[in-house]
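Trainee: I am new to this model. Please take me through one part of it closely, the aromatic pairs, and then show me what else is worth a look.

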Amino acid sequence: MKRPVTIVGGGVAGLALGVRLRERGVGVVLHEAGSYPRHRVCGEFFAGQGEAYLRRLGVVAETDGLPRHSVSHWQRGSGKTVSMKLPQGALGLSRHRLDRDLAARFERLGGDLRAGSRLPEKAGGRPGVVWAAGRAPDPRSRWVGLKAHTLRADHPEGLEVHFGEGAYVGVSAVEGDRLNVCGLFRKREWGRVKKEAALPRALEVAGLGALAERVARLGLDEASFSAVSGLRLGWRGLPADRIHLGDALAVIPPFTGDGMSLALESAFLVEEPLVAYAEGKLDWAACVGGSNRLLRVRLAGRCRRAAWLHPLLLNPFGQRMLLLAARGGCLPFRSLHRLTHGTAPAH
Ligand SMILES: Cc1cc2nc3c(=O)[nH]c(=O)nc-3n(C[C@H](O)[C@H](O)[C@H](O)COP(=O)(O)OP(=O)(O)OC[C@H]3O[C@@H](n4cnc5c(N)ncnc54)[C@H](O)[C@@H]3O)c2cc1C
């Protein structure tokens, strides 16, 4: 190979690309600002085709015994639950384990992983550099994401979605007999609370007191508390001279979309142009142009549809309509799922 590739950001998108390029013999240096393992704000379930991508990357096998979900249970406040079969099922896997395993695989394949290395944004404009550094914070954003793991699981099967006032929260089992509790909340005055009390407080303020009590009964793993603010959702548009992947390209709203699967898919899409660049068959401008065409065609529509549906999850009228339609059996769940979730890896 003539040219190495540099990846900025070692989340799912950057690590997946690093693994794929190393498997093809490309020299890769990956800069990650943080270290492994670490907890992240994430619903931690792979819906859509995410599992197929993880298998291709060699980090998930049938024998792993990871929790699998075939049903989704929706509830508004303490109202009645409505359950729906998930069109493709979902796999529960924590980011703590996934990112660690992907990083280890990348290094085993000979990748040069530089943890604790934060590159400036201008580095993303250099030839041979792929930007996978996640979402760019927006100080005007009204959204906060909070997550924590319970110390044990009382309800290991099914993806629970709890709708609250200006909030929705996912509860689902991950490995190690734990529940991941992760929500998106409209920013509010929660009073002065310690980091570990933020999630229970946010649940109460959103009218999800019963869930807050249940979580308190199960106990929370303090090391797993994570929070993000400044969340800007939606398609960011493609910079003409750069390759952006995963959340750096588009933040598909959680639950109406599958951000981790999209991040994995974006990495698989740019693999061929980057291998051609590394082999000297494409110059950087052609590699960027080819990659961005693929990313736009495969991902932009899906992000827009998810962004269009997302407000329904957060306003009381939309939540009621969704639950009513689901109860009455007239919610086109399979079609909506197909329109907002990805496709299987092509190779
Ligand atoms: C509340 C919430 C719930 C979600 N639930 C789900 C879910 O259930 N299922 C799902 O599929 N998706 C979910 N998502 C989305 C999913 O978490 C993201 O889409 C996914 O993490 C994107 O991966 P990424 O690799 O693009 O970015 P990230 O995972 O954010 O990784 C980016 C990495 O880049 C590093 N970095 C940043 N800046 C620099 C720099 N300058 N130099 C070097 N390194 C840098 C960061 O440390 C980080 O490790 C959820 C998101 C939120 C907010």
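**Aromatic pairs and their surroundings**

Mentor: Start with phenylalanine 268, which is buried, because its relative accessible area is 6%, and the cut-off for buried is under 20%. Keep in mind that this is a predicted model. The partner ring belongs to tyrosine 53. Tyrosine 53 is buried too, with a relative accessible area of 2%.

Now the count. There are three aromatic pairs here. In one of them, tyrosine 53 and phenylalanine 268 meet edge-to-face. Their centres are 4.8 Å apart, and their planes stand at 70 degrees. Edge-to-face applies because the angle is over 60 degrees. This pair links distant parts of the chain. Tyrosine 53 sits in helix α2 (residues 50–56), and phenylalanine 268 sits in helix α6 (residues 259–278). They are 215 residues apart.

Next, tyrosine 277 and tryptophan 284. These two also form an edge-to-face pair. Centre to centre it is 4.9 Å, with 65 degrees between the planes. Tyrosine 277 is buried at 8% relative accessible area. Tryptophan 284 is buried as well, at 11%.

Compare an aromatic residue at the surface. Phenylalanine 317 counts as exposed because its relative accessibility is 58%, and exposed means over 50%. Phenylalanine 317 lies in helix α9 (residues 316–327). Together with Met321 and Leu324, Phe317 makes up a nonpolar surface patch. The accessible area of the three together is about 340 Å².

Now turn to empty space. The second largest pocket has a volume of about 190 Å³. Its lining has 14 residues. Nearest its centre lie Gln75, Gly77, Glu160, His162 and Arg214. The elements giving two or more residues to this lining are β4 (68–76), β9 (159–164) and α5 (209–218). Helix α5 gives the largest share, four residues.

Last, the closed space. There is one cavity of 30 Å³ or more. The largest cavity has a volume of about 40 Å³. Its lining includes Phe185, Arg186, Arg188 and Trp190. Glu165, Gly166 and Ala167 are also among the lining residues, as are Ala202, Val205 and Ala206. Two elements, β11 (178–186) and α4 (198–205), each give two or more residues to the lining of this cavity.

Technical notes
Residues are numbered from 1 along each chain as its sequence is written. This is a predicted model: local features need pLDDT of at least 70, side-chain atom pairs count only at pLDDT 80 or more; totals for chains, interfaces and linings use all residues. Side-chain values use heavy atoms; hydrogens and water are left out. Patches are made of residues with over 30% relative accessible area and no salt bridge: like charges are joined within 9 Å, nonpolar side chains (Val, Leu, Ile, Met, Phe, Trp, Tyr) within 5 Å. Accessible areas come from the Shrake-Rupley method with a 1.4 Å probe; for residues, only the protein chains shown count as cover. A salt bridge is a side-chain nitrogen of Lys or Arg within 4 Å of a carboxyl oxygen of Asp or Glu. Buried means under 20% relative accessible area, exposed over 50%, partly exposed in between (1.4 Å probe, protein chains only). Rings of Phe, Tyr and Trp (its six-membered ring) pair if their centres lie within 6.5 Å; planes under 30 degrees apart count as stacked, over 60 as edge-to-face and the rest as tilted. On a 1 Å grid over the protein atoms alone, a cavity is a set of points where a 1.4 Å probe fits but cannot get out, and a pocket is an open set with protein on both sides within 12 Å along at least five of seven lines; lining residues have an atom within 4 Å of a point. Grid points are joined across faces, edges and corners, and a volume is the space filled by probe spheres set on the points.
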